[in-house]
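Dear colleague,

I am handing over the structure below, and my notes on it follow. Please read them with the structure open beside you.

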Amino acid sequence: MTYAPEQLAALAAVVSEGTFDAAARLLHVTPSAVSQRIKALEEQVGRVLVLRSRPCRATPAGEVLVRLAGQVELLAADARAELGAEHSGMVRLAVAVNADSLSTWFPASLVGLPDGVLVDLLRHDQDRSARLLRDGAVMAAVTADERAVQGCRVRPLGSMRYLAVASPAARAARFPAGLTREAFAAAPQLAFDRVDALQRRFVAEMVGEGLEPPVHHVPESAAFVEVLRSGLGWGMAPEQAVTRDVAAGSLVDLAPGRFLDVPLFWQSWALRTPTLDDLTTRVVAAAAGALHSWTAPGRARRRPEGGAGPADLTAF
């Protein structure tokens, strides 16, 4: 079965833009034309492809064709470029990246990106980006899941290291007798959002589970570190983001030698095209220069007595 490119483009536009009107503006056609193209595609497939909600969402069958639409567009753009077409147009790469990677190492992968390549970065938690790959919203993602989404390939990137930090005043006020269970139960935590489990996992490693401390939510990476500096609470922050603060004394490492490592992976469509392959090469290189060596989940390493470096590694 073959599908008309303009019908696939209409479907992808409605799903990405959220409404028929917005899709029409993107495609420079009328909303009626968008509706007719999708209706014709649904009749051909024999299934509903778009849920007419706000925003519009693809059905499972629609997700398959949204991915196909993106692949067709990417292949066509690369073909035009390789043929030296005078007006080869722009190719857009939609990528999901977690906030901490976006604020630290990931931008280095975009330095020197070729002319004609546009990136559309979606900030999503590394544990939730698989959904975006499945529904075709992105063609690649930084993810914590090493299990390949159907139709994707996976490359290990390394581990992002998180340290437990607080301001000197917060440490003195909240942990006067050290990192005890009682102190962790009462000390306010900072979490990125309500699914951020880093703090809870660190506490469980240190003193066991079962605590319900007060939690502040700060869903922006730079603000998260700034609020840590203010002394509002303690939290797990990327090593890269707080190294200077720790060295300057504006933040302190609550448990020197103890940290959490989050393994990250690059999942991208299995489709091989020069543009997507180039981005993959860039991302892998940027990660290699910034992240720690990947450690399989569930393993722990301890340095030799008297040796340099972290005493403990908790990977998950």
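**Surroundings of F20**

Leaving aside its neighbours within four places in sequence, F20 is in contact with V14, P31, V34, S35, I38, R52 and C56. Please keep in mind throughout that this is a predicted model. F20 lies in helix α2, and its relative accessible area of 15% falls under the 20% limit, so F20 counts as buried. F20 also lies 9.6 Å from P55, C-alpha to C-alpha, although 35 residues separate the two in sequence.

**The chain as a whole**

The protein chain has 316 residues, of which 44% count as buried, and its secondary structure comes to twelve helices and 13 strands. Among the contacts in the chain with a separation of 6 or more, 75% are between residues that are 24 or more positions apart.

**Helices α1 and α2**

Two packed helices are described by the angle between their axes and the distance between the axes. For helix α1 (residues 5-17) and helix α2 (residues 20-27), the axes come within 8 Å and cross at roughly 125°. That angle lies outside the ranges for roughly parallel, roughly perpendicular and roughly antiparallel, which is why α1 is described as oblique to α2. The crossing in which α1 passes α2 is right-handed.

Which residues of α1 and α2 meet? On the α1 side they are A9, A10, A13, V14 and E17, and on the α2 side they are F20, A22, A23, L26 and L27. By residue class, this contact of α1 with α2 divides into nine nonpolar residues, no polar ones and one charged one.

The buried residues of α2 are F20, A22, A23 and A24, and what covers them includes α1 and also α3, which spans residues 31-45.

**Two backbone points to check**

Most residues other than glycine have a negative phi, and most peptide bonds are trans. Two places in the model deserve a look with that in mind.

The residue that follows α2 is H28, and its phi is positive, near 60°. H28 is placed in the loop between α2 and α3, and with a relative accessibility of 72%, which is over the 50% limit, H28 counts as exposed.

The other place is the peptide bond between R54 and P55, which is cis, with omega about 0°. P55 lies in the loop between β1 (50-51) and β2 (57-58), and P55 is the residue already mentioned as lying 9.6 Å from F20, C-alpha to C-alpha.

**Strand β6 and its partners**

Eleven of the 15 residues of β6 are buried, so the strand is largely enclosed by the rest of the structure. Strand β6 covers residues 152-166 and is joined to β9 by four bridges, the two strands running antiparallel. Within this pairing, Y162 has P238 of β9 as its bridge partner, while L163 stands opposite A237.

Ten bridges join β6 to strand β11 (residues 260-269), and these two strands also run antiparallel. Here the bridge partner of R161 is D261 in β11. Strand β10 (residues 252-253) pairs with β6 as well, over two bridges and in the antiparallel sense, with D253 of β10 as the bridge partner of V165.

In a regular strand the side chains alternate between the two faces of the sheet. In which directions, then, do the residues of β9 point? In this strand, which spans residues 235-238, G235 and A237 point one way and M236 and P238 the other way, and all of them are buried.

**A loop residue further along**

V195 lies in the loop between β7 (189-191) and α9 (198-207). With a relative accessibility of 46%, which is between the limits of 20% and 50%, V195 counts as partly exposed. The C-alpha atoms of V195 and D125 are 9.1 Å apart in space, while the two residues are 70 residues apart in sequence.

If you have time for two places, I would suggest the peptide bond between R54 and P55, which is cis, and H28, where phi is positive in a residue other than glycine.

With best regards

Technical notes. Residues numbered from 1 in each chain as written. Predicted model: local features only at pLDDT ≥ 70, side-chain atom pairs only at ≥ 80, totals over all residues. Heavy atoms only, no water. Buried < 20%, exposed > 50% of the residue type's maximum accessible area, 1.4 Å probe, protein only. Pairing = 2+ DSSP bridges. Axes fitted to C-alpha atoms, helices over the stretch in contact; angles between N-to-C directions. Parallel < 35°, antiparallel > 145°, perpendicular 65-115°, else oblique. Left-handed = near helix turned anticlockwise from the far one by under 90°. Contact = heavy atoms within 4.5 Å. Nonpolar A, V, L, I, M, F, W, Y, C, P; charged D, E, K, R; others polar.
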